[in-house]
Amino acid sequence: PLKLGELVSGYVEEDDFLYYAAPIPKNAAAIKVIITPIFGDPDLYLSFTVDEPDDTTATWVMDEMGTEERLLRRQATDFCPTEPCSLHLSVYGYEAAEFRLAVYN
């Protein structure tokens, strides 16, 4: 599992996926997801309900070039629909990419 506040480094091949899950505490009012490419173009797909989200099953998609941030608030319709709750993250290599990824409370 990906711990909140932990910065992880990764590498994904073009047209391939890496999967992560971050347990979300019940008292989290919001979480922030940040992905920073070192090189290449990684896309990030997020879901609380699908274990390995992709471009068709993700609730939130982060597919722009460069560093991206997404703030997810507990008030959002799909935030932690069940407890215990985990955010599922899929990093997709739109191009082969090295990246840093973090989820903050």
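**Asp15.** I looked up the accessibility of Asp15 and found a relative value of 57%, so I noted the residue as exposed. The model is a predicted one, and I read every value below as computed from that model. Asp15 sits in the loop that joins β1 (8-12) to β2 (17-24). Its phi is near 65°, a positive value in a residue other than glycine.

**Cys80.** I then checked Cys80, which also has a positive phi without being a glycine, at about 40°. Cys80 belongs to the loop between β6 and β7. Is Cys80 buried or exposed? Its relative accessibility is 8%, and the limit for buried is under 20%, so I entered Cys80 as buried.

**Pro81 and Pro84.** I stayed in the loop between β6 and β7 (85-93), where Pro81 is placed. Pro81 is partly exposed, at 48% relative accessible area. I took the C-alpha to C-alpha distance from Pro81 to Thr49 and got 7.8 Å, with their positions 32 residues apart in sequence. Pro84 is in the loop between β6 and β7 as well. I looked at the peptide bond from Glu83 to Pro84 and recorded it as cis, omega being near -5°.

**Salt bridges.** How many salt bridges does the structure hold? I counted three.

I began with Glu69 and Lys32, whose side chains form a salt bridge with an N to O distance of 3.5 Å. This pair links distant parts of the chain, since Glu69 is in strand β6 (residues 68-73) and Lys32 in strand β3, 37 residues apart. Glu69 is exposed at 52% relative accessible area, while Lys32 is partly exposed at 32%.

Next I looked at Arg74, which forms a salt bridge with Glu83. Their closest N and O atoms are 3.7 Å apart. I have Arg74 as partly exposed, with a relative accessible area of 27%. Glu83 counts as partly exposed too, at 37%. Glu83 is also the residue that precedes Pro84 at the cis peptide bond.

The remaining entry is Arg100 with Glu98, a salt bridge whose closest N and O atoms are 3.4 Å apart. Arg100 is partly exposed at 25% relative accessibility, and Glu98 is partly exposed at 26%.

**Nonpolar patch.** Which residues make the nonpolar surface patch of about 290 Å²? I found Tyr11, Ile38 and Phe39. I followed up Phe39, which is placed in strand β3 (residues 30-39). Its relative accessible area is 40%, so I listed Phe39 as partly exposed. A residue needs over 30% to enter a patch, and Phe39 has 40%.

**Cavity.** I searched for cavities of 30 Å³ or more and found one. The largest cavity has a volume of about 30 Å³. What lines the largest cavity? I listed Ile35, Pro37, Gly40, Asp41, Pro42, Glu64, Gly66 and Glu68. I sorted this lining by residue class and got three nonpolar, two polar and three charged.

Key:
Residues numbered from 1 in each chain as written. Predicted model: local features only at pLDDT ≥ 70, side-chain atom pairs only at ≥ 80, totals over all residues. Heavy atoms only, no water. Patch = residues over 30% accessible without salt bridge, like charges linked within 9 Å, V, L, I, M, F, W, Y side chains within 5 Å. Areas by Shrake-Rupley, 256 points an atom, 1.4 Å probe, with all protein chains shown as cover. Salt bridge = Lys/Arg side-chain N within 4 Å of Asp/Glu carboxyl O. Helix = DSSP H or I, 4+ residues; strand = E, 2+ residues; numbered from the N terminus. Buried < 20%, exposed > 50% of the residue type's maximum accessible area, 1.4 Å probe, protein only. 1 Å grid on protein atoms, 1.4 Å probe; cavity = no way out; pocket = protein on both sides within 12 Å on 5 of 7 lines; lining within 4 Å. Points joined across faces, edges and corners; volume = space filled by probe spheres on them. Nonpolar A, V, L, I, M, F, W, Y, C, P; charged D, E, K, R; others polar.
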